[in-house]
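The following note comments on aromatic and charged side chains in the structure shown below. It is set out as numbered points for the reader's consideration.

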Amino acid sequence: MKKLYVTLCAITLFSFAVKAQETIQYYRPNDQRGINQFETSKQDTVKFTGLKVKVGGNFELTFQALKQSNTAVPYIPAGYSSSVTSLQPLTHGFTLPMANLNLDIQLADGVRMNLTQYLASRHHENTWVKGGYIQFDKLTFLHSDLIDEIMKSVTIRIGQNDVDYGDQHFRRTDGGNTIYNPFIENYIMDEFSTELGAQFYYFHKSGLFAMGGITDGLLNETVVKSTKIDVKTGQPLRYEPAFVGKLGFDKQINKDLRFRISGSAYTVSSCYSNTLMSGDRTGSHYYNVMENAAVAAATTLDDAVDYNFTSGRLSPGFSNEIHAFMGNLFLKYRGLEFFGTAEHVTGRTAAETDGRRANQYAGDLVYRFPADKENFWVGFRYNTVSMALAGTGDVKANREAGSFGWFLTKNVMMKAEYMNQKYLDYPANNILNGGKFNGVMLEASIGF
């Protein structure tokens, strides 16, 4: 019934969205046209004629055929009657469909609001709000010629919004929104979170751009003073602001070649529960891999709770202090595109006095064809992560993925992926010791 409900919601929303497709200013389309679009453009292509509401959405359906194995020794901790290092058996089948509801409202000339809701996701099967923001590309209500001239190059975004750290989050899967991602899953270390704050952009006609922002550093805001002690300082945790910045260059060099390079930084010195490396609340699209049935039974409260909804991913768990740096390179020559990531992160929890580190490298090579439509693609991704985990030590994970995809229309997409992921250097009594999983994923997706 849940799958049927989500499907009917997607069809209903699609019928509302078709006529409103071209009424929103400074907007990234939720369909094929949004691929390889990063920040929203400063080109004023839509004439403002009054308040407009665009109801859109995303819906995905995935078939999983993965197999897994490990070499961990049996380990039965206190309170368990069986080993917690044996893998839960998998079968081939469909996963829970995910769906998003996107509301974009043109409030005034150059003023747009967004509200995104997850209608259904792996982690929460009920409807809940992801976040929302207001974006200013014009400030005509201030009646200032000087400000109007400045705003031709400036964008301001305020609200509970995606943290604009790095460029990878523009290409990732977000719940039911899989349109922008040529692969099924995101990076092994998935750097994504929504935080309350503001981000300010400057775009120069040469292709140079810069962004500076400030957030509260939290996924879930609170006004309750922390009683948790930071062992490094001996004082209760402080709620300090997080700062994010980006500097880059993005230009269509000629009709065949586009070049983009950017560097990003995110830093917060004290936080109650920062989630920059684990802020996806919808869940991984590799279901139940490298999990244990005994742990699941002891942890799950009911059949609607997925105790390890981020299966297949790794997070260093830097919840108190984090300093992250990412560089991205994007090249597109005709139908051939490359997207690369190099990332270095240091941080710690409140229970640690010394910092730990995590490094991630990834590269996507995608070829889209034919030249006039680019509605087919083949791609390959390599992703490697190394990090020091609290209580575990230095570990590593590698993933290779090959994909093939087809946009039947600009709104309807199908893709297939073969992937292989391995875990290295885990202790013998850890379920990920010698762990690996591989196989085929099939996905159909709608975005409008």
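**Aromatic pairs, core and a buried glutamate**

1. The structure holds 17 aromatic pairs. In one of them, Tyr-367 and Phe-369, the ring centres are 5.8 Å apart and the planes meet at 20 degrees, so the pair is stacked; the cut-off for stacking is an angle under 30 degrees. The model is a predicted one, and the distances and angles here should be read accordingly.

2. As to solvent exposure, Tyr-367 has a relative accessible area of 41% and is therefore partly exposed. Phe-369, at 28% relative accessibility, likewise counts as partly exposed. The limits that apply are under 20% for buried and over 50% for exposed.

3. Another aromatic pair, Tyr-423 with Tyr-426, is edge-to-face, with 6.1 Å from centre to centre and 75 degrees between the planes. Both of these tyrosines, Tyr-423 and Tyr-426, are buried.

4. The stacked residues Tyr-367 and Phe-369 also belong to one aromatic cluster, together with Phe-376, Phe-404 and Trp-406.

5. Two arginines are placed over aromatic rings. Arg-28 lies over the face of Tyr-180, 3.5 Å from the ring centre. Arg-368 has its charged end over the ring of Trp-377, at 5.6 Å from the centre of that ring.

6. Which residues of the largest nonpolar core touch the most other members? They are Tyr-165 and Tyr-266, in a core of 49 residues. In soluble globular proteins, nonpolar side chains tend to be buried together. When residues up to four places away in sequence are not counted, Tyr-165 touches Tyr-266 itself, and its other contacts include Val-244, Leu-276, Met-277, Phe-325, Met-326 and Val-345. Polar residues also appear in the list of Tyr-165 contacts, among them Glu-191, Ser-264 and Glu-343.

7. Is Glu-185 buried or exposed? Its relative accessibility is 1%, so Glu-185 counts as buried. Glu-185 is located in the loop between β6 (154–162) and β7 (194–203).

8. The side chain of Glu-185 takes part in polar contacts with the side chains of two residues: Ser-284, at 3.3 Å, and Arg-313, at 2.9 Å. Leaving aside neighbours within four places in sequence, the residues in contact with Glu-185 are Ser-284, His-285, Tyr-286, Arg-313, Arg-381, Arg-399 and Glu-417.

How values were computed: Residues numbered from 1 in each chain as written. Predicted model: local features only at pLDDT ≥ 70, side-chain atom pairs only at ≥ 80, totals over all residues. Heavy atoms only, no water. Phe/Tyr/Trp six-rings, centres within 6.5 Å; stacked < 30°, edge-to-face > 60°. Buried < 20%, exposed > 50% of the residue type's maximum accessible area, 1.4 Å probe, protein only. Lys NZ or Arg CZ within 6 Å of the ring centre and 35° of its normal. Core = buried A, V, L, I, M, F, W, Y, C linked by side-chain atoms within 4.5 Å. Contact = heavy atoms within 4.5 Å. Helix = DSSP H or I, 4+ residues; strand = E, 2+ residues; numbered from the N terminus. Polar contact = N/O pair within 3.5 Å; in protein donor to acceptor, adjacent residues only side chain to side chain.
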